Amino acid sequence: MKTYLAKTGEIDGGCLLFDASEAPVGRLAVKIANALRGKDKPTYTPHIDTGAFVIVINAEKAVFTGRKSEKKIYTTYTGYRSGLHELTAAEVRAKDPTRIIKDAVWGMMPHGRLGRALFSKLRVYAGAEHPHAAQKPTKVTME
């Protein structure tokens with residue numbers, strides 16, 4: 001048997017729709033990262049973009065287990081002295097609920113040229129509405 005390696009033109013990624021309602025953030029992020037990379041398909045090739053476009057709705061309803069809402073810290077650094085900003089997960093959710101999902105998924109992606117290209121295929125929306133109905137996304141259930 002020969003090992004199958006996908007070519008760039010052979011891949012049809014499709015479009016997937018994830019509903020983040022009542023889903024734990026980490027478990028949801030794993031499924032999203034695997035779908036973006038294409039690891040959920042038999043045609044997965046590590047160095048080629050074999051993944052799907054991913055749409056996430058209801059990001060504001062994703063949940064943290066335990067006391068992560070108060071304990072988890074999101075940091076940003078401007079590059080200037082005293083430019084370190086720290087926010088708890090509850091503060092981030094109030095300001096931009098999509099950032100929680102995006103940061104969790106970005107931490108699970110490869111950090112390089114391919115990872116950035118894969119991450120650009122992710123769209124996260126705080127509410128239930130999204131403008132991608134024309135792509136006919138396939139709804140993925142969280143089990």
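## A buried start to helix H4

Thr-98 is a good place to begin: with a relative accessibility of 10%, this residue counts as buried. Thr-98 belongs to helix H4. Setting aside neighbours within four places in sequence, the contacts of Thr-98 are Ala-59, Val-124, Tyr-125 and Ala-126. Please keep in mind as you read on that this is a predicted model.

Helix H4 covers residues 98–106 and also holds the pair Arg-99 and Asp-103; they sit 4 residues apart, so about one helical turn separates them. These two form a salt bridge, with 3.1 Å between the closest N and O atoms. Asp-103 is partly exposed, at 34% relative accessibility.

## The overall layout

Stepping back to the whole protein chain, we find 5 helices and 6 strands. Read from the N terminus, the order is β-α-β-α-β-β-α-α-α-β-β. Along the principal axes, the C-alpha atoms fill a box of roughly 55 × 35 × 30 Å.

How much of the chain is buried? Of its 143 residues, 31% count as buried. As for contacts between residues at least 6 apart in sequence, 65% of them join residues at least 24 apart.

## Strands and their partners

Strands S1 and S2 run parallel and are joined by 5 bridges. One of the pairings matches Cys-15 with Phe-53 in S2. Is S2 enclosed or open? Strand S2 is largely enclosed by the rest of the structure, because 4 of its 5 residues are buried.

Strands S3 (residues 73–77) and S4 (residues 84–88) make an antiparallel pair, also with 5 bridges between them. Here Tyr-74 has Leu-87 in S4 as its bridge partner. The hairpin of S3 and S4 leaves 6 residues between the strands, and in this hairpin Gly-79 adopts a positive phi near 105°.

## The nonpolar core

In soluble globular proteins, nonpolar side chains tend to gather together in buried positions. In this model the largest nonpolar core has 27 residues. Which of them touch the most other members? They are Phe-18, Ile-32, Val-54, Val-56, Ile-101, Val-105 and Leu-122. Several elements supply at least two residues each: S1, H1, S2, helix H3 (89–95), H4 and S5. The most generous contributor is H1, which gives 7 residues.

Val-56 lets us look at this core from the viewpoint of a single residue. Leaving out neighbours within four places in sequence, Val-56 is in contact with Phe-18, Ala-20, Ile-32, Ile-101, Leu-122, Arg-123, Val-124 and Tyr-125. Of these partners, Phe-18, Ile-32, Ile-101 and Leu-122 are also named among the core residues that touch the most other members.

## Salt bridges across the chain

The model has 4 salt bridges in total. Besides the pair in helix H4, two others are worth a visit. One brings Lys-121 and Asp-49 together, at 2.7 Å from N to O. Lys-121 comes from the loop between helix H5 (113–119) and strand S5 (122–124), while Asp-49 comes from the loop between helix H1 (25–37) and strand S2 (53–57), so this salt bridge ties together parts 72 residues apart in sequence. Lys-121 is buried, at 8% relative accessible area, whereas Asp-49 is partly exposed, at 29%.

Lys-139 and Asp-19 form another salt bridge, at 3.8 Å from N to O. This pair links distant parts of the chain, for Lys-139 lies in strand S6 (residues 138–140) and Asp-19 in strand S1 (residues 15–19), 120 residues apart. Asp-19 is partly exposed, with a relative accessibility of 23%.

## The largest pocket

Rolling a probe the size of a water molecule over the atoms reveals where empty space remains. The largest pocket here holds about 190 Å³ of space. Its lining consists of 14 residues. Which of them lie nearest the centre of the pocket? Val-25, Gly-26, Phe-64, Lys-72 and Ala-104 do.

Two elements, H1 and H4, each give two or more residues to this lining. Both H1 and H4 also appear among the elements that supply at least two residues to the largest nonpolar core.

Technical notes:
Residues are numbered from 1 along each chain as its sequence is written. This is a predicted model: local features need pLDDT of at least 70, side-chain atom pairs count only at pLDDT 80 or more; totals for chains, interfaces and linings use all residues. Side-chain values use heavy atoms; hydrogens and water are left out. Two strands pair if DSSP finds at least two bridges between them. A salt bridge is a side-chain nitrogen of Lys or Arg within 4 Å of a carboxyl oxygen of Asp or Glu. Buried means under 20% relative accessible area, exposed over 50%, partly exposed in between (1.4 Å probe, protein chains only). A nonpolar core is a set of buried Ala, Val, Leu, Ile, Met, Phe, Trp, Tyr and Cys residues joined through side-chain atoms within 4.5 Å. Contact means heavy atoms within 4.5 Å. On a 1 Å grid over the protein atoms alone, a cavity is a set of points where a 1.4 Å probe fits but cannot get out, and a pocket is an open set with protein on both sides within 12 Å along at least five of seven lines; lining residues have an atom within 4 Å of a point. Grid points are joined across faces, edges and corners, and a volume is the space filled by probe spheres set on the points.
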